[in-house]
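Trainee: Before we begin, could you put the structure up, so that I can follow each step of the reasoning on the screen?

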Amino acid sequence: MNEMDQIIDEHSRYLVRIAYLYVKNWSTAEDVVQEVFITYFQKSDQFRNEASLKTYLTKMTANRAKDYLRSWKHKKDVLFDTIFASAQGVEEVVLEQEQLASLEKNLFQLPLKYREPLILFYYDEQSIADIASYLKLNENTVKTRLRRARQQLKEFFEEEEVMGN
């Protein structure tokens, strides 16, 4: 067993569990750890043994998982999970793809006071506090507007579904 296989064998299960604690999805956690190992092996000459390899890889895993949580892909998944909370069969996946295509159209049907916080939160990846500061609103007002915007989007999609049937 070469050094690379030994390191992966020794640390992968632990690191996947760490990543899962952040991302709450086993497949995504495995992807995160795979990226960590690729990065480590590409830049292993930068590892200075100031901490144990396990500590170093754990920190890399936590940072990569946090990067994923800040990513647009994750925010989009959260938005769709919120709007379309249902078990997914083949038909539902096709329906979701159609809904994704109409998301932008429906987004612009929202009043600006709801659309703006939604765009800043999901597209611009700003925090509630940053949005509140930028819009000169109370944080609870921003949370309420986000909730109402998600509800209105859900209603738009439900109307399309009824009209389509």
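The questions and answers that follow deal with side-chain pairs and helix contacts in this predicted model.

Trainee: Which residue forms a salt bridge with arginine 64?

Mentor: In general, side chains of opposite charge can pair when their charged atoms come close. For arginine 64 the closest N and O atoms of the pair are 2.9 Å apart, and this falls within the 4 Å that a salt bridge allows. The two partners sit in distant parts of the chain, 29 residues apart, with arginine 64 in helix 3 (residues 53-70) and the other in helix 2 (residues 26-42). The partner is therefore glutamate 35.

Trainee: Is glutamate 35 buried, partly exposed or exposed?

Mentor: Buried would require under 20% relative accessible area and exposed over 50%. Arginine 64, at 24%, is partly exposed. Glutamate 35 has a relative accessibility of 38%, so the class to give is partly exposed.

Trainee: How do the rings of phenylalanine 37 and phenylalanine 41 pair, stacked or edge-to-face?

Mentor: These two residues lie four apart in helix 2, which means that about one helical turn separates them. Their ring centres are 6.3 Å apart and their planes meet at 20°. Because planes under 30 degrees apart meet the criterion, the pair is stacked.

Trainee: How do the rings of tyrosine 40 and phenylalanine 41 pair, stacked or edge-to-face?

Mentor: Tyrosine 40 is buried at 6% relative accessibility, whereas phenylalanine 41 is partly exposed at 26%. Their ring centres lie 5.2 Å apart, with the planes at 65°. Since this angle is over 60 degrees, the pair is edge-to-face.

Trainee: Which residues do ring pairs link into a cluster?

Mentor: A search of the whole structure finds four aromatic pairs. Phenylalanine 37, which is buried at 7% relative accessibility, belongs to the cluster that ring pairs build up. The full set of names is Phe37, Tyr40, Phe41 and Tyr56.

Trainee: How many residues in the contact of helix 1 with helix 3 are nonpolar?

Mentor: The axes of helix 1 (residues 3-23) and helix 3 come within 9 Å and cross at roughly 35°, and the crossing is right-handed. Among the residues making the contact are Ile7, Leu15 and Ile18 of helix 1, together with Leu57, Ala62 and Leu69 of helix 3. Three of the contact residues are polar and two are charged, while the number of nonpolar ones is 13.

Terms used. Residues are numbered from 1 along each chain as its sequence is written. This is a predicted model: local features need pLDDT of at least 70, side-chain atom pairs count only at pLDDT 80 or more; totals for chains, interfaces and linings use all residues. Side-chain values use heavy atoms; hydrogens and water are left out. A salt bridge is a side-chain nitrogen of Lys or Arg within 4 Å of a carboxyl oxygen of Asp or Glu. Buried means under 20% relative accessible area, exposed over 50%, partly exposed in between (1.4 Å probe, protein chains only). Axes are lines fitted to C-alpha atoms, for helices over the stretch in contact, and angles run from 0 to 180 degrees between N-to-C directions. A crossing is left-handed if the near helix is turned anticlockwise from the far one by less than a right angle, and right-handed if clockwise. Contact means heavy atoms within 4.5 Å. Ala, Val, Leu, Ile, Met, Phe, Trp, Tyr, Cys and Pro count as nonpolar, Asp, Glu, Lys and Arg as charged, and the others, Gly among them, as polar. Rings of Phe, Tyr and Trp (its six-membered ring) pair if their centres lie within 6.5 Å; planes under 30 degrees apart count as stacked, over 60 as edge-to-face and the rest as tilted.
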